Structure formats: C-alpha cells, structure tokens
Amino acid sequence: MIENYDYIVIGAGIAGLHIGALLSQHGKVLVLEKAKEIGGRARVVDINGFKLDFGPHPVRFGPISALGASLNEINKSIDFIKPGTSWAFLDDGTKTIFPSGGIMAVLKSKLVPTIKTLKFMIKIKKMSVRDFEKLYDLSLLQWFDQENIVPSLQKFLIMASSAIQVNPFPDRSSAGELLHNFSRVLELGSVYYPKGGWTTIFNAFLNKIKDNGGEIRLNEDVSKIIVEDSTAIGVFTNDKLIHGKTIISTIPIQQLFTILDETLCEKKIIEKCKSLRPTAGVSIDFCLSKSISDINGIIFFDNPLAFGFIPSNLSPEVAPKGKSLMTFFTAANLEDIKDKNTMKEIHQRLRDTILRFFPDLEQYLLHERPLFLEMVDGVEVNIEQHKFKRPGNVIKGIKKLYITGDSVGGSGAGGDIGHESVRNVYKMIRNQNY
Ligand SMILES: Cc1cc2nc3c(=O)[nH]c(=O)nc-3n(C[C@H](O)[C@H](O)[C@H](O)COP(=O)(O)OP(=O)(O)OC[C@H]3O[C@@H](n4cnc5c(N)ncnc54)[C@H](O)[C@@H]3O)c2cc1C
C-alpha cells in the first residue's frame, strides 16, 4: 500500500525540523533524512559528555530571531544566553574589546578610531532598508573607496564581514548586506547561545513533530521527487513511493537536481542553483579537563581572520562538570578547502593563533576535533548572489514543491537566511489554505 502524507519534508537538518514542526500543527508530516542522525550541518556530537555543536554555532538575535519566533509560536521556547564582552586578539600580541556592542564598546576599544566609528554607526542607524538595498551590488572594497573609510575601520568591517557573513573577502562581500546586517545588530543586539547547546533546539522541534503525530525517518535517502502534470505528488525513497500533498525540500539547492528531473525546469534556473557559491572554512573544537579562560563573549582574531567562543562558559551543561569546551572557526575559499595542502596550512595557522593566545590549552587537552568544511552556509553573501539574486522558494512551473533551507530566500546570512526562508515557505503554504 502506498503511504500518504500531507507534508513530506526532505532533510532533517535544522530547516527540515523547523518547517516540519510548524507544519505538523496543520497536517500529517513525514521528515525523511538520508543520514543516520538528525542535524545536518548543525548536528551535535557527544564525546565523553562534551556536547559538541558543529563548530561555533551561536544564534544571531536569539529569542528575537526568526528561529526564536517559531519556537515561541509552537510553545517550545527555550532559554537563549546572551554572551558577555567580546574580545579581539590582535596579531601584535595585544587584546582589546571588540566593538560590536554599541557606543560603550567603541569607546573602550583600541581596534577602531572612536569618532569615525561612532559617526559610521550613527550613519547606518539612520539608513533605510532601501538605502542598504542600493548598496547590495557594491563590494566592501568599492564602498570603502567611495566613502573614504580609514584603514582601521576597514579592518574592523572586514572582521565583521568574516564573522557575520562568513565572508572575509572584501572584493566580493556585499557592502549593502553587511551594513544592513550590522544595523540589525546595532538595533537588536548580537548573538546568543541556546542553553544546553543545539540539542535543545533540535529537541524542541523534534518533540513538536512527535507530539502532533508526525514522523522522522532516518537512513531514508530520497532519490527522486515525483512530478506529474507539473505538480509534485510524492518522493521515491529506498525505491519506495510515498505520496505527499505538498513536498518541501531542505537540501542545499546546489544538490536539488540530483533528485529533481532537470527537464522540468528552465536551464537558467538549474545553472543558477548549481553554481551558487557556499561559504567554507575550518573549525576546531577543544575539549579540556579544566577551564583556562573565563571569557564569556565572542573571541575574534585578526590574523588569520577567525572567531570563536567558549560554549561551556555560557552553558555549563555542554561539558562535564569542571571541564571546558572551546570552539573556533576561520572562513576560507571553497577552492582552498578542496586543496589538501592549502587546507592543512589554514588549519595550522588557525591552531597556532589559538595556542598563541591560549598557551595552556594543550596542557589540559582531552580531545580535539578539526572540521574541514566545504559548505558552512548554503550561500555566500556576495555581490553576485545577494538577497535579490539568490534562487527563491519555488521552482517555476512546478506546483506543490517548496524549497527552503539556508541556500534560498531569506535575508541576513547563514542560519538567518535558513530560518527566515522556512518561515516564508510556511506562510506560502498556509496562505494556500491547504
Ligand atoms: C562550522 C559551522 C558553523 C556555523 N555557525 C553558524 C552560526 O553560528 N549561526 C548560524 O545561524 N548558522 C551557522 N552555520 C550554518 C548553519 O549550520 C546552517 O545554516 C544550517 O545548519 C543549515 O541547515 P539546513 O537544514 O538548511 O541544511 P542542512 O543542515 O544541510 O540539512 C539538509 C539535510 O538534508 C539531508 N539530505 C540531503 N540529501 C538528502 C536526500 N536525498 N534525502 C534525504 N535527506 C537528504 C542531509 O543529510 C541534511 O541532514 C554554521 C555552519 C557550520 C558548518
């Protein structure tokens, strides 16, 4: 007998579970995941009681993010912890406050020129959405030139681009999107960390799906989305057909055409999806037998451009009692991550820099996990693929098929795009009064 569902969600990463939880309030949901565990690029691994997120994984805007809004709506809100002061560790060996937290941080920081930075912040606070959008096609470098931005402020903005947009490349990072994101940070505050780590977020969505009678199946590789008369009607998984009234794919859109017949779509769209550039980089997690730093904010480095934090200083539950978990990340070009030698160099440079500023780390090291990541965020926010140039949430000519996740729709960067994209799709489906 062929199974029937109201909603079939392909992928149990954060986007799949997020949309699955929202839709489970309105019909029978089936989430299909090809891996043996949930989580995708945000999966959590337990190593001897250390709960390792997939590299540094704070949530921008926490309770007031798109993710926070959905958790609230499904009555599964969680505690988000606000980090303390952020620090920049500089190549000259000094440490200073990282000025992301508004006026006081700017006044105290050695990283930026006080007056010029305050003027810059006032200027972007006054800018409208339309003003930012006009700069979406402009690279940071072009904007620096246009606005005569002094080198020290340039350096700070490149560090911000590296962290906010996982894009340390000023020749292609979109100035408009960065300034827009930056203005949101000034307005709404910066990142938060979920109490208990990302397991808490996944559990909230999983429980909602299960409470509402939905199902999540692991080891279920969707091989094809079935389309009849220009309408998606189901999927093939492990050679079994499952019918769905609405199909939602959350796999990175670069991979969509491994499961969707290319002859159904315009060549232009297929090319755009396949060639979308993701962000890439290297992360290192360190599990330590004791805490070596009480920093509870974000840690930035200027050479190489990198950032990280100490999750166990924010939420002690993520490490065994008295022990410590540290996590760091540096963004890189995809091509460099694919090249074994360059990748090793990037890893070594990051590791050396961390050890330079945290020399006790090796003495208390219990476990170290490097990750070499060809896809961090599904889409790099750059002038060729800013918000208005990215693929949207539907494929022209195919009804009842929605595409979501962090490679389509949405504004911001990385998870922001993913969560906003999920909420867009949810609204689109609900507006059909399905
Ligand atoms: C090191 C690192 C740090 C990050 N830091 C942050 C951060 O601080 N803040 C933030 O917001 N974002 C961050 N991100 C980005 C964030 O992790 C991603 O935006 C998010 O995890 C993407 O989720 P997704 O569900 O859209 O896609 P994915 O996680 O890629 O999920 C897609 C799922 O689909 C499954 N799948 C694929 N093909 C099939 C198929 N044919 N059949 C069935 N299942 C299939 C995959 O196995 C996967 O589980 C970070 C990412 C990394 C790697």
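How are H1 and H9 oriented to each other: roughly parallel, roughly perpendicular or oblique? Some ground rules before the answer. This is a predicted model, where local features need pLDDT of at least 70, side-chain atom pairs count only at pLDDT 80 or more, and totals for chains, interfaces and linings use all residues. Residues are numbered from 1 along each chain as its sequence is written.

Now the helix pair. Helices are DSSP runs of H or I, at least four residues, numbered from the N terminus. H1 covers residues 14–23 and H9 covers residues 198–211. They pack at about 40 degrees, axes 8 Å apart. Axes are lines fitted to C-alpha atoms over the stretch in contact, and angles run from 0 to 180 degrees between N-to-C directions. H1 and H9 are therefore oblique: not under 35, not over 145, not 65 to 115 degrees.

Who touches whom? On the H1 side, Leu17, His18, Gly20 and Ala21. They meet Phe202, Phe205, Leu206, Lys208 and Ile209 in H9. Contact means C-beta atoms, placed from the backbone, within 7 Å. The residues of this contact divide into six nonpolar, two polar and one charged. Here Ala, Val, Leu, Ile, Met, Phe, Trp, Tyr, Cys and Pro count as nonpolar, Asp, Glu, Lys and Arg as charged, the others, Gly among them, as polar.

Next, the ligand. 36 residues surround it, each with its C-beta atom, placed from the backbone, within 6 Å. The closest are Gly11, Gly13, Gly40, Gly55 and Gly415. H1 returns here: it gives the largest share of the shell, three residues. By class, the shell has 18 nonpolar, twelve polar and six charged residues.

Key
Helix = DSSP H or I, 4+ residues; strand = E, 2+ residues; numbered from the N terminus. Contact = placed C-beta atoms within 7 Å.
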